[in-house]
Amino acid sequence: MTAPPTADHTAEITTVWSELLDLPPAEIPDDVGFLVLGGDSVLAVRMSALIRQRLGVALGLAEVRVDTTVGEIAALVADRVSDPSTGSLPAITRRRADPHAPFALLPLQQGYFVGQQDGWELSYASAHYYVDYPLDGIDGDEAAEALTDALERLARRQPGLRARVDADGRQYVLPTGAPGALPAPTVLDLRDAAPEEIDARLAALRDLMNVSGPDPMSGPGLDVRLTLLPGDAGLLHGAFSLLLFDGWSAGVLTRELLALAQDWNAVLDPLEIDPGDYVEAVGALRGTRGRTADRDWWWERIDALPAPPALPLVVDPQDVTPTVMQHREFRLDPARWASLRTACRDQRVTPATALLTAFSVVLARWSGHRRMLLNSLQTGRLPLHPDVHRMIGGFATTMLLPVVPEAGTSFAELARSVQGTFAEHAAHMLVPGVEVAREVGRRRGTHRPVAPVVFQSTIGMDAAMGSPLPSEAGPLGRVRAGDYTHHLRTPQVALETRCFEIDEQLVLVFSLVAELFVDDEVTAAFAELVELATALADGPGWDAVPELPEALDPVPGEGLRIGALPGTGRTHAPGPPADGAEQTVAEVFEDFLEVPVLDRTVHFFTAGGDSLLAIRVLARLAAELDHPVPVRAFLADPTVAGVAAAGRAS
């Protein structure tokens, strides 16, 4: 029997919506959807966290939809209060006994970790994000001390700033008193330098921080620098290791760091959990009814997932060693961005969905087919505790998303279809996209990225966090956040579209490995994306019928394309290990996989291994074989015979 919602439940949920949507409670009817009132998927996740904080009720991912109403949420809360056993997400009710003990990397972190050891194609020595913000009105005599003090206080408050990663692919948090535990900023004083020297030094610094990111295996995962410039100006630089910082964390860190810099006496509310508590709680979901159901849902659909968009390439990605990703950027001015948001509400889709649909149209035209698999980066923070959204850590996740824009359909209809597909898949995110992608690769017999084209939206993040980036930072002066310079290096990604807000503008970015593509084709594709977005802001784009290719799937044999690349697998004659090297590999496989390995063709991943376990296997083999086996060689042929051969070749 369904329990009726109480007036208190309804009032509290209305208050949460009022705060998130910046609307008076009287303007939030019980029967009007969150999306229609201005909500989106990012705010929906935050809404779930606030409901847990204030009502003590955990709502599952499938329950908090963007089209839900206050009345529907209140009814769910009432059911959960009357029968707590119906909940799918447990609460974090106790801390780990030892807050400094190692804990696991989450799946996306594992991918970054292996990539940093040249495990994947399109890998980098460091997966990281770099950004700098101009500062005006700096107090040159106090700025460095204020930044140092703020960063130290923040690291004492946020255990994630003291996190490190060990050689086995585990993370841990250093005590505040441990040597090197608290990151310290580096200051470059150019106040008396000539303009030519300033330009050269800044260019060199940016190049350095773009290419050489922080390494959490040897020090902090964060590199903060301050450049002092003539005329009370400056730059605040930050490089964030993706191993330990997701996009949400960068937003938390910047807000809290500037708040502490502005006020020497500021005290932020303490955190009741740390990253290790959260990661272990996520790990405890394995075997639960909700996670098992999500795994079954994905596994039933894996074989039907399409290939990625077959974008034409000029070189095989495995033959490229990129150092940076190239960026194309466009900004939609505040008035047109407001018009686009209004139009999205009228069409009952989120702005992120509208832009994802536009991206899929561009990809279909570029690749020549309509059915494709995309990768979508998500915040990934399950509402297991009210402090989950206040912590710094690498909690992001991915979601594989099949899209099939139908020819002869208006853009509005395409967007509503994409939104339905997105909502259906997002409701099963207890199994992360990295885990699904591993299974896709296993079934298809490939170690190459199965979804190297990515869509990421952080639209609504400011509202979800409660404020935009602060503009005042005490001795650091005023922050011009909209005049940033930034770079991103993400392993296994060929092309990524990012959408975010800054200074009340919408920003669209292409980030790509430029060596892979014809430059004119990239330029044309980005111009199409911009054209579609502006047409949606101006109105007529919604009723237009986009021109799309007839082909549903890629046409075979059309040259080098994403998703149709030559494999690197080798075949070996079956039988027992043929020599001492193969016998050694077989024994090490047995020790780590805990299964008999009697044949030289046994495949490490098919037998139950994963990429992180492979790193540990390689560490053992380095001591037992004559030559170390490179990570990429292991992943290219992870059979007993193949690994032994790679050891001989080294």
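This presentation covers the cysteines, one strand residue and the internal cavity of a predicted model.

Let me begin with the cysteines. The structure holds zero disulfides. Why is cysteine 344 not bonded to cysteine 499? The closest cysteine sulfur to that of cysteine 344 belongs to cysteine 499 and lies 11 Å away, which is too far for a bond. For reference, a disulfide requires the two sulfur atoms to be within 2.5 Å. Cysteine 499, likewise, is in no disulfide, and its nearest cysteine sulfur is that of cysteine 344. As to their surroundings, cysteine 344 is buried, with a relative accessible area of 0%. Cysteine 499 also counts as buried, at 1% relative accessibility.

I turn now to leucine 377. This residue belongs to strand β9, which spans residues 372-378. Is leucine 377 buried or partly exposed? At 21% relative accessibility, leucine 377 counts as partly exposed. Leaving aside residues up to four places away in sequence, leucine 377 touches Leu108, then Ala396, Thr397 and Thr398, and finally Val454, Phe455 and Gln456. Valine 629 is 252 residues from leucine 377 along the chain, and the C-alpha atoms of the two are separated by 32 Å.

My last topic is internal space. How many cavities of 30 Å³ or more does the model contain? The count comes to one. The largest cavity holds about 50 Å³ of space. Its lining is formed by Phe103, Gly160, Ala163, Gln171, Leu244, Pro275, Ile392, Gly393, Gly394 and Phe395. By class, six of these lining residues are nonpolar and four are polar, with no charged residues.

Conventions: Residues numbered from 1 in each chain as written. Predicted model: local features only at pLDDT ≥ 70, side-chain atom pairs only at ≥ 80, totals over all residues. Heavy atoms only, no water. Buried < 20%, exposed > 50% of the residue type's maximum accessible area, 1.4 Å probe, protein only. Helix = DSSP H or I, 4+ residues; strand = E, 2+ residues; numbered from the N terminus. Contact = heavy atoms within 4.5 Å. 1 Å grid on protein atoms, 1.4 Å probe; cavity = no way out; pocket = protein on both sides within 12 Å on 5 of 7 lines; lining within 4 Å. Points joined across faces, edges and corners; volume = space filled by probe spheres on them. Nonpolar A, V, L, I, M, F, W, Y, C, P; charged D, E, K, R; others polar.
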